[in-house]
Amino acid sequence: RVTFDHWRIFEKDGKWWAMRSGAITAGSPQSLLLPLVCAVTVDGLAEQLSLQEWLRRMPAAELEAVWREGLAAVAPR
């Protein structure tokens, strides 16, 4: 919770959830930036949140490349 302090993190029905403000955007690179993520374990949730933060910090061109081509578009070669 300290690391991802702008997310509201909670456990419900045996799953871990994280929610933040923001609208869901469909059909664009911004659709990769989710306002709600879920995982079965707290470690899984941390992975989801780390990915979301990594995507959020990407320059617009890189985010678009990931949206079009997947994570391989920005993977080191």
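**Group meeting: a β-β-β-α-α model, one residue at a time**

I'll start with glutamate 53, which lies in helix α1, residues 42-56. Before going on: this is a predicted model, and every value I quote is computed from it.

Is glutamate 53 buried or exposed? Its relative accessibility is 5%, so glutamate 53 counts as buried, the cut-off being under 20%. Now its partners. The side chain of glutamate 53 makes a polar contact of 3.2 Å with the side chain of tryptophan 7. Another polar contact, of 2.7 Å, links the side chains of glutamate 53 and arginine 56. Setting aside residues up to four places away in sequence, glutamate 53 touches Phe4, His6, Trp7 and Arg20.

Next, the overall layout. The protein has 77 residues, and 27% of them count as buried. There are two helices and three strands, and from the N terminus the order is β-β-β-α-α. The C-alpha trace spans about 35 × 30 × 20 Å along its principal axes. Taking contacts with a separation of 6 or more, 40% are between residues 24 or more positions apart.

Now the strands. Strand β1, residues 8-12, runs antiparallel to β2, and five bridges join them. Strand β2, residues 15-19, also pairs with β3 in the antiparallel sense, over four bridges. Alanine 18 is a convenient marker here. Isoleucine 9 has alanine 18 as its bridge partner in β2, and the bridge partner of alanine 18 in β3 is valine 37. Beyond its neighbours within four places in sequence, alanine 18 is in contact with Trp7, Arg8, Ile9, Pro35, Leu36, Val37, Leu45 and Leu49.

Between β1 and β2 there is a hairpin with two residues between the strands. Aspartate 13 lies in that loop. What is notable about its backbone? Phi of aspartate 13 is near 55 degrees, a positive value in a residue other than glycine. Aspartate 13 has a relative accessible area of 70%, so it is classed as exposed.

Further along β2 we come to methionine 19. Its relative accessibility is 34%, and therefore methionine 19 counts as partly exposed. Not counting residues up to four places away in sequence, methionine 19 touches His6, Trp7, Arg8, Phe10, Pro35 and Leu36. Histidine 6 is 13 residues away along the chain, and the C-alpha atoms of methionine 19 and histidine 6 are separated by 8.7 Å.

On to β3, residues 36-39. In a regular strand the side chains alternate between the two faces of the sheet. In β3, Val37 and Ala39 form the covered face, while Leu36 and Cys38 form the uncovered one.

That leads to the nonpolar cores. Which residues make up the largest one? The largest nonpolar core has eight residues: Phe4, Trp7, Ile9, Ala18, Val37, Ala39, Leu45 and Leu49. Of the elements, β3 and α1 each supply at least two residues of this core. The two residues on the covered face of β3, Val37 and Ala39, are both on that list. There is also a second, separate core of five residues, including Leu33, Leu55, Met58 and Val66.

Methionine 58, one of that second core, lies in the loop between α1 and α2, the latter being residues 60-69. At 10% relative accessibility, under the 20% cut-off, methionine 58 counts as buried. Apart from residues up to four places away in sequence, methionine 58 touches Leu63, Val66 and Val74. Val66, then, is both a contact of methionine 58 and a member of the second core.

Last item, the aromatic rings. How many aromatic pairs does the structure hold? Zero. There is, however, a charge over a ring: the charged end of arginine 8 sits over the ring of phenylalanine 10, 4.9 Å from its centre.

To close, the points I would keep on the slide. Glutamate 53 is buried at 5% and has polar contacts with tryptophan 7 and arginine 56. Strand β2 pairs antiparallel with β1 and with β3. The largest nonpolar core has eight residues, and a separate one has five. That's the model.

Key: Residues are numbered from 1 along each chain as its sequence is written. This is a predicted model: local features need pLDDT of at least 70, side-chain atom pairs count only at pLDDT 80 or more; totals for chains, interfaces and linings use all residues. Side-chain values use heavy atoms; hydrogens and water are left out. Buried means under 20% relative accessible area, exposed over 50%, partly exposed in between (1.4 Å probe, protein chains only). Two strands pair if DSSP finds at least two bridges between them. A polar contact is a pair of N or O atoms within 3.5 Å; within protein, one must be able to donate a hydrogen and the other to accept it, and residues adjacent in sequence count only if both atoms are side-chain atoms. Contact means heavy atoms within 4.5 Å. Rings of Phe, Tyr and Trp (its six-membered ring) pair if their centres lie within 6.5 Å; planes under 30 degrees apart count as stacked, over 60 as edge-to-face and the rest as tilted. A charge sits over a ring if NZ of Lys or CZ of Arg is within 6 Å of the ring centre and within 35 degrees of the ring normal. A nonpolar core is a set of buried Ala, Val, Leu, Ile, Met, Phe, Trp, Tyr and Cys residues joined through side-chain atoms within 4.5 Å.
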